[in-house]
Each structure stands twice: as structure tokens, then as C-alpha cells.
Amino acid sequence: MDIKTLEQALKLQNDLTARLTQSMALQRTGKMPNIEVTLKEKEQSVVRAQAEVEIAIKERDIAVSRWDERVAQRKASVVKLQKELDDLKKQLTERNDPPKERKTAQPKKEVRNKKSQ
């Protein structure tokens with residue numbers, strides 16, 4: 001059980017002190033504890049254990065939701081970076097491949113040399 005407040009710690013301390021005192025008193029007298037007392041203690045133990053399980057489940061769910069958020073953020077980052085990479089590749093191919101219209105539309109002119117006389 002995770003203790004988060006002073007009240008929880010004090011309650012747990014008082015509970016443990018009471019059980020220890022009762023156990024020591026029974027050992028001094030040499031008598032076995034009454035079955036009703038033992039039954040009540042076990043019921044209280046079960047209730048405490050169930051509460052601890054519920055707390056652990058809530059903590060796990062909170063942690064899982066945080067991890068899910070982190071994973072979603074990372075996936076979004078990957079998608080964004082992939083898009084940027086694809087855009088850069090597209091720009092690079094456009095730069096390296098000159099438009100074909102220029103090649104066919106402007107034939108090279110022949111340069112004539114004048115003969116000097």
C-alpha cells in the first residue's frame with residue numbers, strides 16, 4: 001500500500017500497533033485467539049487487500065494512459081518527419097530534372113564565323 005498522506009500513515013500505524021498488542025497479549029496468556037476474532041481480522045485483511053488492488057489498478061491505468069499519449073506523440077512526430085522527408089525528396093528530384101519543354105522548345109543556334117578578307 002502506498003502511503004500518500006500523514007493520515008494514512010497514522011491510521012496504518014494505529015492498526016498495526018493494535019494488532020501487535022493483541023498478539024502479544026495472547027502469547028502471554030498462552031491461549032489461541034478466538035475464532036471470531038481471527039475471522040474478523042481476516043475479513044479486514046481481505047478488505048484492505050482489495051482496496052490495495054483497486055489503487056494499483058487505478059495507478060496502472062493512469063500510467064498506461066500516459067504511455068499511450070507518449071506513443072501517440074511519437075507517432076505524430078514520425079508522420080510529420082516522414083512528410084518533410086518526402087517533400088524534400090520531391091524538391092530534389094524537381095531540381096535535378098530540368099523541364100523537358102525547354103529542351104525541345106529552344107534549339108541551339110549555330111554560330112557562324114565570319115571570314116575576314
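Reader: What makes the contact of Lys-83 and Asp-87 a salt bridge?

Author: In this predicted model, the side chains of Lys-83 and Asp-87 meet at 3.4 Å, N to O. The cut-off for a nitrogen of Lys or Arg and a carboxyl oxygen of Asp or Glu is within 4 Å. The pair Lys-83 and Asp-87 therefore counts as a salt bridge.

Reader: Where do Lys-83 and Asp-87 lie with respect to one another?

Author: Both belong to helix H2 (residues 35–96), where they are four residues apart. Lys-83 and Asp-87 are therefore separated by about one helical turn.

Reader: Why is Lys-83 called exposed, and what is the class of Asp-87?

Author: Lys-83 has a relative accessibility of 53%, and exposed means over 50%, so Lys-83 is exposed. Asp-87 has a relative accessible area of 37%. Partly exposed covers the range between under 20% and over 50%, so Asp-87 is partly exposed.

Reader: Which residues are joined into one network by salt bridges that share partners?

Author: The network consists of Asp-15, Arg-19 and Arg-48. Within it, the side chains of Arg-19 and Asp-15 form a salt bridge at 3.4 Å, N to O. Arg-19 and Asp-15 are four residues apart in helix H1 (residues 6–29), and therefore about one helical turn separates them.

Reader: How do you know whether Asp-15 is buried or partly exposed?

Author: The relative accessibility of Asp-15 is 23%. Buried requires under 20%, so Asp-15 counts as partly exposed. Arg-19, at 31%, is also partly exposed.

Reader: What makes Arg-60 and Asp-61 a salt bridge, and how accessible are Arg-60 and Asp-61?

Author: Their side chains meet at 3.3 Å, N to O, and the limit is within 4 Å, so the pair Arg-60 and Asp-61 qualifies. Arg-60 reaches 49% relative accessibility; exposed needs over 50%, so Arg-60 is partly exposed. Asp-61, at 40%, is partly exposed as well.

Reader: How many salt bridges does the rule give?

Author: The count comes to four salt bridges.

Reader: What is the make-up of the protein in helices and strands, and what share of its residues is buried?

Author: The protein has three helices and zero strands, in the order α-α-α from the N terminus. Of its 117 residues, buried residues make up 0%. The protein exposes about 12000 Å², with carbon and sulfur atoms supplying 57% of that area.

Reader: Where in the protein is confidence lowest, and where is it highest?

Author: Confidence is lowest in helix H3 (residues 100–105), with a mean of 57, and highest in H2, at 93. The protein averages a pLDDT of 83, and 77% of the residues score at least 70.

Key:
Residues numbered from 1 in each chain as written. Predicted model: local features only at pLDDT ≥ 70, side-chain atom pairs only at ≥ 80, totals over all residues. Heavy atoms only, no water. Helix = DSSP H or I, 4+ residues; strand = E, 2+ residues; numbered from the N terminus. Buried < 20%, exposed > 50% of the residue type's maximum accessible area, 1.4 Å probe, protein only. Areas by Shrake-Rupley, 256 points an atom, 1.4 Å probe, with all protein chains shown as cover. pLDDT = per-residue confidence, 0-100.
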